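Me: Please go through the helix packing and backbone geometry of this model with me. I would like each label set against the value behind it.

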Amino acid sequence: MRPFGVDGGGDAAAADKAARTPSEGAAEPDHDAVLAQIFFPELAEWLPVLRRLAVPLQAAIEATLHARREGCDLQSALLALGATTRSDLLHAIAAELGLGVVETVDPDKIIVRREHSITLLRGRNGQIPIKMIGKDGDVVFLITPERLRPTAMRTMIATRPTLARHLRLVDAQVLRAAVLAHARPLLARRARLGLFERFPEFSARVVANAWQGLLVGALLALLPVGLLLARDDLLSAAHFLATLFFFSCVSLRFAAVASIRSPKPTAGVAMPEGEKPVYSVLVALYREAAVVPDLVAALERLAWPRDRLDIKLVCEAGDTGTLAVIGALDLPPHFEVVVVPRGGPKTKPKALDYALQIAGGEFVALYDAEDDPHPMQLVEAWQRFRDAGPDLAAVQAPLEISNRGNGLIARMFAFEYAALFRGLLPWLSNRGLILPLGGTSNHFRREALEAVGAWDPFNVTEDADLGIRLKRLGYRTEIISCPTHEPAPTRFKVWLPQRTRWFKGWAQTWLVHMRNPARLARELGFKSFLIAQVLFAGMLASALLHPLLLATFAYFSITLLFSRSIGTFGTTLLAVDVVNVVCGYLSFLLLGWQTLSRRERWGFWKIVLFTPLYWVMLSLAGWRAVWQLWRKPHHWEKTPHEPVRGAAGSSRPHQPIFSGTPALRR
């Protein structure tokens with residue numbers, strides 16, 4: 001049946017008919033009511049409020065259609081379309097229901113426990129009344145227009161006439177700000193100390209425990225003694241360790257190379273039918289004013305029902321530049337700006353822990369400021385969670401570099417990411433081994449995330465640490481296919497602090513989880529235990545020892561060049577160094593090569609030539625990380641980001657590295 005009995009059915013026809021309805025004399029209200037009751041029943045009960053606001057019928061119908069399309073209530077739709085203001089809507093509803101209005105809420109006058117405040121902030125039902133001490137000392141109940149039904153409210157007031165004297169309407173944003181201010185001290189404390197108080201053995205608040213500190217101190221004390229009294233023995237030991245670490249990393253890379261297969265065609269990802277859970281998206285921002293507009297546009301492309309989407313832009317209290325840019329944007333109602341109060345440590349994981357407490361999603365996604373995720377990424381992640389058991393705690397989306405052609409550093413970064421997200425991580429995931437997360441584009445089952453204590457605010461690579469902790473406590477992590485594009489650093493002064501932070505975080509993570517090696521091996525399983533040693537201790541140690549191998553190689557080569565004998569000891573060290581360096585470079589290059597498409601292999605010779613210098617850069621970052629681990633272990637070195645635009649001015653990635661991703665339906 002076609003609504004209104006005119007050509008062109010559906011809601012559009014209803015809107016046309018309504019717009020053409022004559023409005024003459026006193027009969028118009030009745031006609032509007034009948035029209036709304038027949039074609040837009042959700043609009044009928046709001047007609048008295050709309051007349052108070054002088055909202056035209058056509059605008060009201062457009063708002064109703066918008067509410068249907070976006071899955072929101074009529075109040076939100078009216079505000080989104082600019083048909084009224086928050087203040088006018090609030091006062092019109094109050095006048096229609098005969099209720100008082102509260103313009104401002106003093107957080108100190110709210111009668112609610114701080115723990116309950118956090119529960120209220122996390123919930124999405126705005127009709128839970130909150131007690132407040134009024135100006136005359138009486139207790140009043142605050143309610144908001146969110147999801148309010150005028151008919152039901154009139155019935156309740158009629159059956160309980162004394163209740164109306166104690167009910168007050170308040171703007172939802174005003175009330176939420178007051179409740180948030182009331183809960184802020186508890187939120188900040190939990191964000192900083194939550195993990196330490198629940199699982200002190202998993203917290204990086206203490207860098208090293210007693211036996212680790214004693215061991216490091218003993219090694220530092222014996223090093224100068226060894227150089228003076230047993231230099232050759234010390235060099236032999238150092239080369240033995242270097243060989244051990246290098247070949248453990250080489251073996252892991254070659255194992256991943258052997259398992260790489262051409263990608264098989266897979267079914268496209270499509271939005272499934274039925275009710276969807278609430279999905280929270282957290283983005284920690286600090287000094288990101290330049291990329292905020294592109295970020296908001298990228299997040300708006302995510303395919304998920306808007307009434308089930310909860311996006312938190314998490315900013316530091318002192319970051320006035322980023323907050324000013326966000327404030328100038330007209331953010332949709334499913335966005336919220338969360339301001340993290342001042343206090344150390346000023347790290348990304350602490351900001352995420354703060355925001356998680358007031359996020360309302362059953363599932364949680366994490367992005368960085370510069371990210372541009374595939375629109376269907378939330379859908380694919382949710383489908384994976386839905387089809388798996390509750391032990392699947394997290395899925396990792398692949399990261400793809402969008403500016404790989406902008407210099408050698410960006411090219412090497414893209415090469416590393418291809419090897420990691422197309423080669424190594426799939427190899428680990430397919431075997432059920434420990435999976436270090438990538439810092440962004442992580443998707444979590446919220447229940448599991450909270451069960452393991454969420455992120456460690458004192459660890460500067462909270463992603464890697466969380467990957468180990470999930471595995472230790474019995475959860476699984478997997479990978480999905482919908483990628484996230486992000487730009488790589490293009491300048492050494494930007495690349496170095498970022499890589500230093502990564503190395504420092506890996507060292508923190510290794511020290512934390514190796515406080516009891518026997519327990520770690522028991523909880524991870526022997527294979528994952530070995531992988532953890534390679535990924536965290538092995539990679540860092542290889543970077544630190546690489547200059548020693550190069551220096552020894554250079555010394556003995558120059559000695560031979562001048563026709564001087566280097567003896568059996570020197571010959572042995574030279575051979576060991578050559579094997580270590582050659583195998584290290586070869587495994588690194590081969591793993592990356594195997595993961596590149598034919599188009600991406602163009603210019604591979606540049607990567608080959610730049611690899612030795614790049615490894616020296618890694619060594620510099622590694623030694624800088626060791627220094628920082630001693631001097632300022634919890635300091636977070638910020639990586640600045642700039643918008644990356646294509647030729648046409650779009651912020652969409654113009655040179656994606658992963659050309660082999662199967663086409664996904666949007």
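The turns below take helix pairs first and then single sites.

Me: Is this an experimental or a predicted model, and what does that make of the values?
Reply: The model is predicted.

Me: Why is α12 called oblique to α22?
Reply: The axes of α12 (residues 231-259) and α22 (residues 526-561) come within 8 Å and cross at roughly 130°. An angle over 145 degrees would count as roughly antiparallel, and 65 to 115 as roughly perpendicular. The angle of roughly 130° fits neither class, so α12 is oblique to α22. The crossing of this pair, α12 and α22, is left-handed.

Me: What makes the contact of α12 with α22, by class?
Reply: It has 16 nonpolar, 6 polar and 1 charged residues. On the α12 side the residues include Leu 235, Phe 245, Phe 246 and Arg 253. These residues meet a set in α22 that includes Ile 531, Met 539, His 546 and Thr 552. Gly 538 of α22 is also in the contact, and Gly counts as polar here.

Me: Why are α12 and α23 called roughly parallel?
Reply: α12 packs against α23 (residues 567-595) at an angle of about 20°, with the axes 9 Å apart. The limit for roughly parallel is under 35 degrees, and about 20° meets it, so the label holds. The crossing of α12 and α23 is left-handed. Their contact divides into 17 nonpolar, 7 polar and 3 charged residues.

Me: How do you know that α19 is roughly parallel to α20?
Reply: The axes of α19 (residues 462-472) and α20 (residues 492-513) come within 9 Å and cross at roughly 25°. That is under 35 degrees, so α19 is roughly parallel to α20. The crossing of α19 and α20 is right-handed.

Me: Which residues make the contact between α19 and α20?
Reply: From α19 come Ala 464, Asp 465, Ile 468, Arg 469 and Arg 472, and from α20 come Trp 506, Thr 509 and His 513. By class they divide into 3 nonpolar, 2 polar and 3 charged.

Me: How does the span of α24 compare with the expected one, and where is its kink?
Reply: α24 (residues 604-631) has 28 residues and reaches 39 Å from its first C-alpha to its last, close to the 40 Å expected. A kink of about 50° lies at Thr 611, shortly before Pro 612.

Me: What makes the bond between Gly 344 and Pro 345 stand out?
Reply: The peptide bond joining Gly 344 and Pro 345 is cis, with omega about -5°. Pro 345 is in the loop between β8 (335-340) and α15 (348-356).

Me: What is notable about phi of Arg 287, and where does Arg 287 lie?
Reply: Phi is near 55°, a positive value in a residue other than glycine. Arg 287 lies in the loop between β6 (279-285) and α13 (292-300).

How values were computed
Residues numbered from 1 in each chain as written. Predicted model: local features only at pLDDT ≥ 70, side-chain atom pairs only at ≥ 80, totals over all residues. Heavy atoms only, no water. Axes fitted to C-alpha atoms, helices over the stretch in contact; angles between N-to-C directions. Helix = DSSP H or I, 4+ residues; strand = E, 2+ residues; numbered from the N terminus. Left-handed = near helix turned anticlockwise from the far one by under 90°. Contact = heavy atoms within 4.5 Å. Expected span 1.5 Å × (residues − 1). Bend = angle between axes of the 7 residues up to and from the residue.
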